[in-house]
Amino acid sequence: MTFPNYQECMKPILEFASECKQDFFRLDPVNNIAKLFKLSEEEEKQRIPSDAFTVLESRVGWAVTYLYKSGLLERTGRGRYKITDIGKEFNKKNKTINTN
């Protein structure tokens, strides 16, 4: 399995956010994304060149950033997010999300 790019992570993150009863940490959706894309344990542990994060954590982080900038998520604290009303409507009406 190849890693999903950050745009492929956007819709699953928005779905994760809509199912959360409260706000969530930026990297909370990582396990859900790994299961959804059927990543192996080895793939989940793969790190980006700077070794700061795993590849998956990096992709999820960028996806959350773009969802926040688009107004689909809102920040509730440092590193914490929740879905907005616009995000809920968008999630119901759209099957995919990208930066366009």
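In which sense do β1 and β3 pair, and over how many bridges? The two strands pair in the antiparallel sense, over two bridges. This pairing offers a way into the structure, which is a predicted model. The protein chain averages a pLDDT of 92, and 99% of the residues score at least 70. Confidence is highest in strand β3 (residues 80-83), at 97, and lowest in helix α3 (residues 41-45), at a mean of 90.

The sheet is considered next. Strands of a sheet pair through backbone hydrogen bonds, either parallel or antiparallel. Here three strands form an open sheet in the order β1-β3-β2, with antiparallel pairing. Strands β1 (24-25) and β2 stand at the edges with a single partner strand each, so one side of each has no neighbour in the sheet. On one flank of β3, Phe 25 stands opposite Arg 80. Gly 77 also stands opposite Arg 80 in β3. The pairing of β2 with β3 is antiparallel and runs over four bridges. These two strands form a hairpin with two residues between them, and Gly 79 in the turn has a positive phi of about 75 degrees. Along β3 the side chains alternate: Tyr 81 and Ile 83 are buried and point to one face, whereas Arg 80 and Lys 82 point to the other and are not buried.

Helix α4 (residues 55-69) packs against part of this sheet. The buried residues of α4 pack against the strands β2 (73-77) and β3, and also against the helices α1 (6-19) and α2 (30-36). Those buried residues are Val 55, Leu 56, Ser 58, Val 60, Gly 61, Ala 63, Val 64 and Leu 67. The length of the helix can be checked against its residue count: at 1.5 Å a residue, its 15 residues should span 21 Å, and because the end C-alpha atoms are 21 Å apart, the two values agree. After α4 comes Gly 71, whose phi is positive, near 90 degrees.

Ahead of this helix, Arg 47 has its place in the loop between α3 and α4. Is Arg 47 buried or partly exposed? Its relative accessible area is 40%, and therefore Arg 47 is partly exposed. Leaving aside neighbours within four places in sequence, Arg 47 is in contact with Ala 52, Phe 53, Thr 54 and Val 55. The last of these, Val 55, is among the buried residues of α4. The side chains of Arg 47 and Asp 51 are joined by a polar contact of 2.9 Å. Arg 47 and Glu 57 lie 10 residues apart along the chain, and their C-alpha atoms are separated by 8.9 Å.

The cysteines remain to be described. How many disulfides does a search of the whole structure find? The search finds zero. Cys 9 is in no disulfide, and the nearest cysteine sulfur, that of Cys 20, is 16 Å away. A disulfide requires the two sulfur atoms to be within 2.5 Å, so a separation of 16 Å excludes the pair. For Cys 20, likewise in no disulfide, the nearest cysteine sulfur is that of Cys 9. The surroundings of the two residues can also be stated. Cys 9 is buried, with a relative accessible area of 0%, while Cys 20 is partly exposed, with a relative accessible area of 25%.

Definitions and conventions:
Residues are numbered from 1 along each chain as its sequence is written. This is a predicted model: local features need pLDDT of at least 70, side-chain atom pairs count only at pLDDT 80 or more; totals for chains, interfaces and linings use all residues. Side-chain values use heavy atoms; hydrogens and water are left out. pLDDT is the predictor's confidence in each residue, from 0 to 100. The expected span of a helix is 1.5 Å times one less than its number of residues. Buried means under 20% relative accessible area, exposed over 50%, partly exposed in between (1.4 Å probe, protein chains only). Contact means heavy atoms within 4.5 Å. A polar contact is a pair of N or O atoms within 3.5 Å; within protein, one must be able to donate a hydrogen and the other to accept it, and residues adjacent in sequence count only if both atoms are side-chain atoms. Two strands pair if DSSP finds at least two bridges between them.
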